[in-house]
Amino acid sequence: MQLTVWTYEGPPHVGAMRVATGMEGLHYVLHAPQGDTYADLLFTMIERRDRRPPVTYTTFSARDLGGDTAELFKTAAQGAYDRFKPQAMIVGASCTGSLIQDDPGGLAQALNLPIPVVTVDLPAYQRKENWGAAETFYQLVRAIAGPFAPPPGVPRAPRAAGTRPSCNLLGPTALGFRHRDDITEITSLLARLGIDVNVTAPMGATPVDLARLGEADFNVILYPEIAGQAAAWLQRTFGQPSTKTVPIGVCATREFIEEVAKLAGIDASATLAASSTRLPWYSRSVDSTYLTSKRVFIFGDATHAVAAARIASDELGFKVVGLGTYSREFGREIREAAKKYGIEPLITDDYLEVEAQVAALQPELVLGTQMERHIAKRLGIPCAVISAPVHVQDFPARYAPQMGFEGANVIFDTWVHPLMMGLEEHLLAMFKDDFEFKDGASPSHLGTGHAVADQPSQRVESVRALDATSEIAATWAADAEKELHKIPFFVRGKARRNTERFANENGVATITIETLYDAKAHFAR
């Protein structure tokens, strides 16, 4: 175990909470000490849910350890059933609760409750949040849909003539990155194809709905980290095939449409012809040509990171210089994706390694999680969030999917606007000597009485402080400093460091304009 200030994933029982909170009619009884109730805040404060998660904690304290903690769990489980009357219940222990080895599953079965009780035995010190969510969903599906499975070896009956094809949407949970809006977007897309959604799970489903999973013709895996294991079991048990393409980006969405059309046995040509998204034209238009070959670093869960790399490279013309994930279970997928871009993947759950990689690569855009947002801010690099973990601002009130054609529009706006703001700031710096843009003048559109924002050069200082590898001995001449400010701020930090490094290596005490351009020529080779 590693002590850290930030973590990409919580313990596995938080993953189980995400499944329980996303569903309806399911209750989670968690054998945990008083301090573990902090997890409620993830849903009420960050996701801004209007009610607490459906979780009952035993909340044992130190003095309870000398008594009968098993009886404490049984009392909590019985009380949860009496109060909430759920359709089903899951039981388990948190990291600390697992240490006292009270066997929540056995204790709950001894109560003989008149509902399904599913034990989720999560190895708290070997696994993490996404694995916990996947294991919980798998155990629920197996326990509730299993009794309705056909006998082994019995082939799946063909769909009745005249019946519309149907599918299950698998993977969305509470606290997921834009899961709510992705469901809406993909459900609408499938409806245009003439495909009904049988069950969406876990989010929005009840235990009774899980019993109907086997009725669908196929499964759509929206988030493999959560749904992959359950979908594999459904394929073995019910003979339901699953999609392989995650519809994030224009190209992936079109491939997804073709894939589901093949599974459903329908013609998708009309839907493909009528598809509408602005990303392809915007990425080719005159005001976007300056985006070509921008160097981008990508980090997040495996699904969003791989999708983001494809969009960045194939649809926006960026150059992927870094790609990584904290999802060690999906390391193979990240390695295969990294080969396409000729780079080494970064597979780690240590944010300090990620920060060191970003500082070394000096990309012009970072696409990552909430942690990379902080890292990029410290380094003075534009950033957009593409993956959990996220903070409250990434659960917007507006409709903002990541999947489908509308998701492609949202992605374009989210990724490109940080770079556009950099261009605007660069233009303001270029024309600051004009009478309307002189130093000390406040922005005209704000009127009077507004303080002038800090000059971009001041923000560079924080970047310089992070560059521990260079010992700056040279000083900048005034005309060279002025020339440096003509460089866009989002690459100015790199230009400054390269010039200072060149000066130090060549024994230059004072950096002049000539030194600046000599350094540029040197590093451009």
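What follows is a walk through two groups of paired strands and one pair of packed helices in a predicted model. Because this is a predicted model, local features need pLDDT of at least 70 and side-chain atom pairs count only at pLDDT 80 or more, while totals for chains, interfaces and linings use all residues. Residues are numbered from 1 along each chain as its sequence is written, and side-chain values use heavy atoms, with hydrogens and water left out.

A good place to begin is strand E1, residues 26-31; helices (H or I, at least four residues) and strands (E, at least two) are DSSP runs, numbered from the N terminus. Six of the six residues of E1 are buried, where buried means under 20% relative accessible area with a 1.4 Å probe and protein chains only. In a regular strand the side chains alternate between the two faces of the sheet. In E1 both faces are covered, with Leu26, Tyr28 and Leu30 buried on one side and His27, Val29 and His31 buried on the other.

E1 also has partners, and two strands are said to pair if DSSP finds at least two bridges between them. With strand E3 (residues 88-93), E1 pairs in the parallel sense over six bridges, and Val29 has Val91 of E3 as its bridge partner. With strand E2 (residues 55-57), the pairing of E1 is parallel over three bridges, and there Leu30 is matched by Tyr57 of E2. Between E1 and E2 the chain crosses through helix H2 (residues 40-46) in a right-handed β-α-β crossover, a term that applies if, with the strands pointing away from the viewer, the path from the first strand over the helix to the second runs clockwise.

Further along, three strands form an open sheet in the order E6-E5-E7, with parallel pairing. Strand E6 (196-201) and strand E7 (218-221) are the edge strands, each pairing on one side only, and the twist from one strand to the next averages 25°. Strand E5 (residues 166-170) and E7 are joined by four bridges in the parallel sense, with Asn219 of E7 as the bridge partner of Asn168.

The last stop is a helix pair: helix H13 (residues 302-315) and helix H14 (residues 331-340) pack at an angle of about 10°, with their axes 10 Å apart. H13 is therefore roughly parallel to H14, a label for angles under 35 degrees; axes are lines fitted to C-alpha atoms, for helices over the stretch in contact, and angles run from 0 to 180 degrees between N-to-C directions. Ala302, Ala305 and Val306 of H13 meet Glu333, Ile334 and Ala337 of H14, contact meaning heavy atoms within 4.5 Å.

Conventions:
Parallel < 35°, antiparallel > 145°, perpendicular 65-115°, else oblique. Buried < 20%, exposed > 50% of the residue type's maximum accessible area, 1.4 Å probe, protein only.
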